[in-house]
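Trainee: Could we go through this structure and check where its labels come from? I'd like to see each value held up against its cut-off.
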Amino acid sequence: MNSDPDPFEQGERAARQNIPAEANPYRDGSEEHALWAAGHEKVAGAREANESEGT
């Protein structure tokens with residue numbers, strides 16, 4: 001079993017906690033940075049879509 005943290009899941013969790021995308025802890029250009037950003041965008045993008053439907 002892999003005990004390393006999953007950057008994608010970390011990004012999702014950060015977005016749920018309202019942590020901004022700029023807080024990505026991984027080095028820019030790394031695979032982990034991209035995965036974290038994708039996880040963050042998945043959650044943050046869905047949240048923004050839901051908010052805009054209510055207007």
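Mentor: Sure, here's a run through the labels, one question at a time.

Trainee: What kind of model is this, and how many helices and strands are in the chain?

Mentor: It's a predicted model. The chain has 2 helices and 0 strands. Its C-alpha trace spans about 40 × 25 × 15 Å along the principal axes, and 25% of the 55 residues count as buried.

Trainee: Okay, Glu 12 then. Why does Glu 12 count as buried?

Mentor: Buried means under 20% relative accessible area. Glu 12 comes in at 10%, so buried is the right word. Other buried residues in H1 include Pro 7, Gln 10 and Gly 11.

Trainee: What makes the meeting of Glu 12 and Lys 42 a salt bridge?

Mentor: The test asks for a side-chain nitrogen of Lys or Arg within 4 Å of a carboxyl oxygen of Asp or Glu. For Glu 12 and Lys 42 the N to O distance is 3.1 Å, so the pair passes the 4 Å cut-off. The pair links distant parts of the chain, with Glu 12 in helix H1 and Lys 42 in helix H2, 30 residues apart. The structure holds 1 salt bridge.

Trainee: And the charges overall: how many positive and negative side chains does the chain have?

Mentor: There are 5 positive and 12 negative side chains, and the centres of the two sets lie 4 Å apart.

Trainee: Next, Ser 30. Is Ser 30 buried or exposed, and how do you know that?

Mentor: Ser 30 has a relative accessible area of 10%, so call it buried, given that the limit is under 20%. You'll find Ser 30 in the loop between H1 and H2. Its side chain reaches the backbone oxygen of Arg 27 at 2.7 Å, and polar contacts are pairs within 3.5 Å.

Trainee: Which backbone nitrogen does Asp 6 reach at the start of H1?

Mentor: That of Phe 8: a side-chain oxygen of Asp 6 comes to within 2.9 Å of it.

Trainee: Last one: why is Asn 18 called exposed?

Mentor: Exposed means over 50%. Asn 18 has 61% relative accessibility, so it clears that bar. Asn 18 sits in the loop between helix H1 (7-16) and helix H2 (31-53).

Trainee: What is the phi of Asn 18?

Mentor: Positive, about 60°, although Asn 18 is not a glycine. Most residues other than glycine have a negative phi.

Methods: Residues numbered from 1 in each chain as written. Predicted model: local features only at pLDDT ≥ 70, side-chain atom pairs only at ≥ 80, totals over all residues. Heavy atoms only, no water. Helix = DSSP H or I, 4+ residues; strand = E, 2+ residues; numbered from the N terminus. Buried < 20%, exposed > 50% of the residue type's maximum accessible area, 1.4 Å probe, protein only. Polar contact = N/O pair within 3.5 Å; in protein donor to acceptor, adjacent residues only side chain to side chain. Lys, Arg positive; Asp, Glu negative; His and termini not counted. Charge placed at Lys NZ, Arg CZ, Asp CG, Glu CD.
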